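This report deals with charged side chains, their burial and their pairing. The structure is shown first, and the notes follow.

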Amino acid sequence: MSSKRLIICDPEEGYAQALAYYLMHKKEFSMEVQVYDEIEKVQEIAERTDIKILFVASEYEAKERRKIQAERKILLTGPESSEVQEDETALYKYQSGDKIVKLILESLEVSGEENFLRGKISGKQQAKIIGVYSPIHRIGKTAYALKLGEELAVGSNVLYLNLELYGGVGGHFTGDGQNLLDLLYYAKQEKGNLGLFLTTIVQHRRHLDYVLPMEVAEDVKMVSAGEWIELIKKIIEQSIYQTIILDIDEGLSQVYKLLQICTEIHVPEIKDRYAQAKIRQFEQELTLLGYEDVLLHVCLHHGNVQFVVRLALTMHVPLVLLLHQHLPLTEHFYLH
C-alpha cells in the first residue's frame, strides 16, 4: 500500500478528517488515505516511503513544504493569497468534494497511473446490461428501474442511464451538471479515458450511480443505436461498473438493436386487455422483424416463470415455446 499512499496534512483537523472520509468512500479509489496535522510527521514519512498524492495546507511555510517529496502535491488554499511552489497545484479547499476528486482523477490520467483506480484490472468480469422497456405507458417504468438499480448497487457497482425522450429532469433526477449528452460527446472524441470522465459527472441515489438525462428530446432522437452501443461498450471497458441499467424509450432509433445487446430485458406491465394487446403486438413485432433473440432475454417474474426463463436460455430454444408448455396460454407474466 505504500506506493498508493495519499496524505492530507492540515492544521484544521476537522476539515482534513472530513476530506479523508469523503475520499475513502469514493469507490473509484484504491488508495490508503492518512491524515496529519503536523507537517513534521509527514516529512518523516516521506523519508521512509513514497507518497503518491499530498494535500498540504497553505498555512504551513513554503520552506517546510519543499522538504516533502510527493509525486503529486496539491496546495490547499483558503481565502487569503498563498505562495504556490513550482511542484504544487493550488486548490481552493472550501469547495465540493466532487471537484476535488475530479482534480485527482485528472492528475492520475495525465501521469498514466489509472491502475490506482478500482476496476482498472485485467480479467474484469463480463458486465451485465439490463434493459428496462415497455410498450405500455405510465406504469412506473423509471421508478422500477431506479429501485432495481438501488437494490443491485448494494452489492456491486451499478450505473443507471436514462435513455428516454423526456427523462423528467427535476422529477426523479434532481441537481444540475453535465448530462448524458456530454458523456456521448466525450466518448466520440477518442481521447482521454471515459471511465475517469464518468466519475466526475455521476450523481448518486444511495449506492446507485446515474448520469443526468438529456434535457432536449430532439437530442435523444438524433442518437443512433450504434452510438448508444459504442458508448456502453466503452463504459464497460473503461469504468468500474459491473452492471449497467438502461431505461429505454420506445421512441429511440432502432430500439430493438439496442435491446439485442441487453443480457436481461425487464418489461413492466399491467393486466388489462389494452395493455396486454400492446404486449402481444410487441412480441409479434419482434418475431416479424427478426428479433426473436430479444424474447430470450425478457425476464419474467411470476410463479414458476423464472425457472422457465433459465431453462430457455440453457436449452437455446425460443422462450415462447417453453412458456406455452409450462404456463397457461392466456397469461403473460412480466416483471413488475
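In which strand does Lys-73 lie? Lys-73 lies in strand β4, which covers residues 72-77. The model discussed here is a predicted one.

## A buried lysine

Lys-73 has a relative accessibility of 2%. Buried means under 20% relative accessible area, so Lys-73 counts as buried. The side chain of Lys-73 reaches the backbone oxygen of Ile-68, at a distance of 2.7 Å.

## Salt bridges

Side chains of opposite charge can pair when their charged atoms come close. Searching the whole structure gives 14 salt bridges.

One of them joins the side chains of Glu-64 and Lys-67, with an N to O distance of 3.4 Å. Is each partner buried or exposed? Glu-64 counts as buried because its relative accessibility is 18%, under the 20% limit for burial. Lys-67 is at 52%, over the 50% limit, and so counts as exposed.

## Links between distant parts of the chain

Arg-65 pairs with Glu-88 in a salt bridge whose closest N and O atoms are 2.7 Å apart. This pair links distant parts of the chain, since Arg-65 belongs to helix α3 (residues 62-66) and Glu-88 to strand β5 (residues 88-92), 23 residues apart. Arg-65 and Glu-88 are both buried.

A further salt bridge is formed by Glu-150 and Arg-205, with 3.0 Å between the closest N and O atoms. Glu-150 is in helix α5 (residues 141-152) and Arg-205 in strand β8 (residues 203-205), so this salt bridge ties together parts that are 55 residues apart in sequence. Glu-150 has a relative accessibility of 11% and therefore counts as buried, whereas Arg-205 is partly exposed, with a relative accessible area of 25%.

Asp-10, Glu-12 and Lys-93 are joined into one network by salt bridges that share partners.

## A negative surface patch

Which residues form the negative surface patch? The patch is made up of Glu-13, Asp-37, Glu-38, Glu-40, Glu-44 and Glu-47. Helix α2, spanning residues 39-48, gives the most to the negative patch, with three residues.

Glu-40, one of the patch residues, lies in helix α2. The relative accessible area of Glu-40 is 43%. Patch residues need over 30% relative accessible area, and Glu-40 is partly exposed because 43% falls between the limits of 20% for buried and 50% for exposed.

Notes: Residues are numbered from 1 along each chain as its sequence is written. This is a predicted model: local features need pLDDT of at least 70, side-chain atom pairs count only at pLDDT 80 or more; totals for chains, interfaces and linings use all residues. Side-chain values use heavy atoms; hydrogens and water are left out. Patches are made of residues with over 30% relative accessible area and no salt bridge: like charges are joined within 9 Å, nonpolar side chains (Val, Leu, Ile, Met, Phe, Trp, Tyr) within 5 Å. Accessible areas come from the Shrake-Rupley method with a 1.4 Å probe; for residues, only the protein chains shown count as cover. A salt bridge is a side-chain nitrogen of Lys or Arg within 4 Å of a carboxyl oxygen of Asp or Glu. Lys and Arg count as positive and Asp and Glu as negative; His and the chain ends are not counted. The place of a charge is taken as NZ of Lys, CZ of Arg, CG of Asp or CD of Glu. Helices (H or I, at least four residues) and strands (E, at least two) are DSSP runs, numbered from the N terminus. Buried means under 20% relative accessible area, exposed over 50%, partly exposed in between (1.4 Å probe, protein chains only). A polar contact is a pair of N or O atoms within 3.5 Å; within protein, one must be able to donate a hydrogen and the other to accept it, and residues adjacent in sequence count only if both atoms are side-chain atoms.
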